[in-house]
Amino acid sequence: MCNPDNNPDASHQLSSNAKAESPERRSFMIRGLWGLCGCVGLIVNSDMVVAQSVSADPSDQTPFGTPMPHDRDSCPVCGMFPARYPDWIATVLYRDGHADHFDGAKDMFKYLLDMEKYASGRKQQDILRIGVTDYYATARIDARTALYVAGSDVLGPMGLDLIPHLDRFDADEFMKDHKGQRLLTFQEVTMELLLALDRGEIPSQ
């Protein structure tokens, strides 16, 4: 956005008039273009501001906008280190920049369904983003719109888990290929189901 090459009109004008303009004039024009880019860069929404406050290094963030866990970040539910399980990472990001990371969707849901126990002092309305790792793309996606398969021959770091998928097509393919038993939306996940998964069981409904 801030590269003058992205503006076809400005780029054409600079190239066609380069010989006719004096060095001082060309320098003034280029500085003006970069100055405009700097101004535009300041016009961001609150989500972007929060994301930037989480980490100044873009490599520490996923394309979805949640930060990556560091090596010593532990899951607030089980105590394991999510960074060791990159294909399973789930993250809850708050508006103040704080993030909690999990080694699978199952523990993330336990956290969200019992925040008084696992996130004392924090509230659901303070959450900015919730990300889970899509099974096929191994990329972070929106946990609230993802679909979850319960009961399959795929085990996570914590055993039976909820396997996240971006859409219904991928979820259906996974259920056929891996003997999935139930397909759930974010809102349909209950603590009863999560505890059953811990016992190696899959409730019928």
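Student: In which loop does Arg95 lie?

Tutor: A loop is named by the two elements that it joins. In this predicted model, Arg95 sits in the loop between strand 1 (90-94) and strand 2 (99-102).

Student: How should the accessibility of Arg95 be read?

Tutor: The relative accessible area is compared with two cut-offs: buried means under 20%, exposed means over 50%, and partly exposed lies in between. Arg95 has 45% relative accessibility, so it counts as partly exposed.

Student: What separation in space is found between Arg95 and Leu128?

Tutor: Here one must consider both the chain and the space. Arg95 and Leu128 are 33 residues apart along the chain, yet 5.1 Å separates their C-alpha atoms. The pairing of the strands may be considered next.

Student: In what order do the strands of the four-strand sheet stand?

Tutor: The order in a sheet is read from neighbour to neighbour. In this open sheet the order is 2-1-3-4, with antiparallel pairing. Strand 2 and strand 4 (140-142) are the edge strands, each of which pairs on one side only. On average, neighbouring strands of this sheet are turned by 25 degrees against each other, with direction ignored.

Student: How many bridges link strand 1 and strand 3?

Tutor: Four bridges link strand 1 and strand 3, and the sense is antiparallel. Val92 offers an example, as its bridge partner in strand 3 is Ile130.

Student: What is the strand order in the sheet of three strands?

Tutor: That open sheet has the order 6-5-7, and its pairing is antiparallel. Strand 6 and strand 7 (182-185) are at the edges with a single partner strand each, so one side of each has no neighbour in the sheet. From one strand to the next, the twist averages 30 degrees.

Student: Which residues stand opposite those of strand 5?

Tutor: Each partner strand may be taken in turn. Strand 5 (residues 147-150) is joined to strand 6 by four bridges, and the two run antiparallel. Ala150 stands opposite Leu162 in strand 6, and Tyr148 stands opposite Pro164 in strand 6. Four bridges also join strand 5 to strand 7, again antiparallel. There, Val149 stands opposite Leu183.

Student: Which residues of strand 5 point one way, and which the other way?

Tutor: Leu147 and Val149 point one way, while Tyr148 and Ala150 point the other way. All of these residues are buried.

Student: How does one recognise a buried side on a helix?

Tutor: The general idea rests on the helical turn. An α-helix has 3.6 residues a turn, so residues three or four places apart point the same way. In helix 6 (residues 168-178), the buried residues are Asp170, Ala171, Phe174, Met175 and His178. They cover an arc of only 135 degrees around the axis, which puts them on the same side of helix 6. The face turned away from that buried side carries the exposed residues Arg168, Phe169, Lys176 and Asp177.

Student: Is helix 4 mostly covered or mostly exposed?

Tutor: Helix 4 (residues 105-113) is mostly covered, with eight of its nine residues buried. Among them are Ala105, Met108, Phe109 and Leu112.

Student: What may be said about the sign of phi?

Tutor: Most residues other than glycine have a negative phi, and most peptide bonds are trans. Thr138 is not a glycine, but its phi is positive, at about 45 degrees. Thr138 belongs to the loop between strand 3 and strand 4, and is partly exposed with a relative accessible area of 40%. Lys179, also not a glycine, has a positive phi of about 60 degrees. Lys179 lies in the loop between helix 6 and strand 7, and is exposed with a relative accessible area of 65%.

Student: How many cavities of 30 Å³ or more does the search find?

Tutor: A cavity is described by its volume and its lining. The search of the whole structure finds one cavity of 30 Å³ or more. The largest cavity holds about 60 Å³ of space.

Student: Which residues line the largest cavity?

Tutor: The lining includes Asp87, Trp88, Gly104, Val132, Tyr135 and Leu162. By class, the lining has eight nonpolar, two polar and one charged residues. Strand 3 (127-133) and strand 6 (162-165) each supply at least two residues of this lining.

Technical notes. Residues numbered from 1 in each chain as written. Predicted model: local features only at pLDDT ≥ 70, side-chain atom pairs only at ≥ 80, totals over all residues. Heavy atoms only, no water. 1 Å grid on protein atoms, 1.4 Å probe; cavity = no way out; pocket = protein on both sides within 12 Å on 5 of 7 lines; lining within 4 Å. Points joined across faces, edges and corners; volume = space filled by probe spheres on them. Nonpolar A, V, L, I, M, F, W, Y, C, P; charged D, E, K, R; others polar. Pairing = 2+ DSSP bridges. Axes fitted to C-alpha atoms, helices over the stretch in contact; angles between N-to-C directions. Buried < 20%, exposed > 50% of the residue type's maximum accessible area, 1.4 Å probe, protein only. Arc of directions from axis to C-beta.
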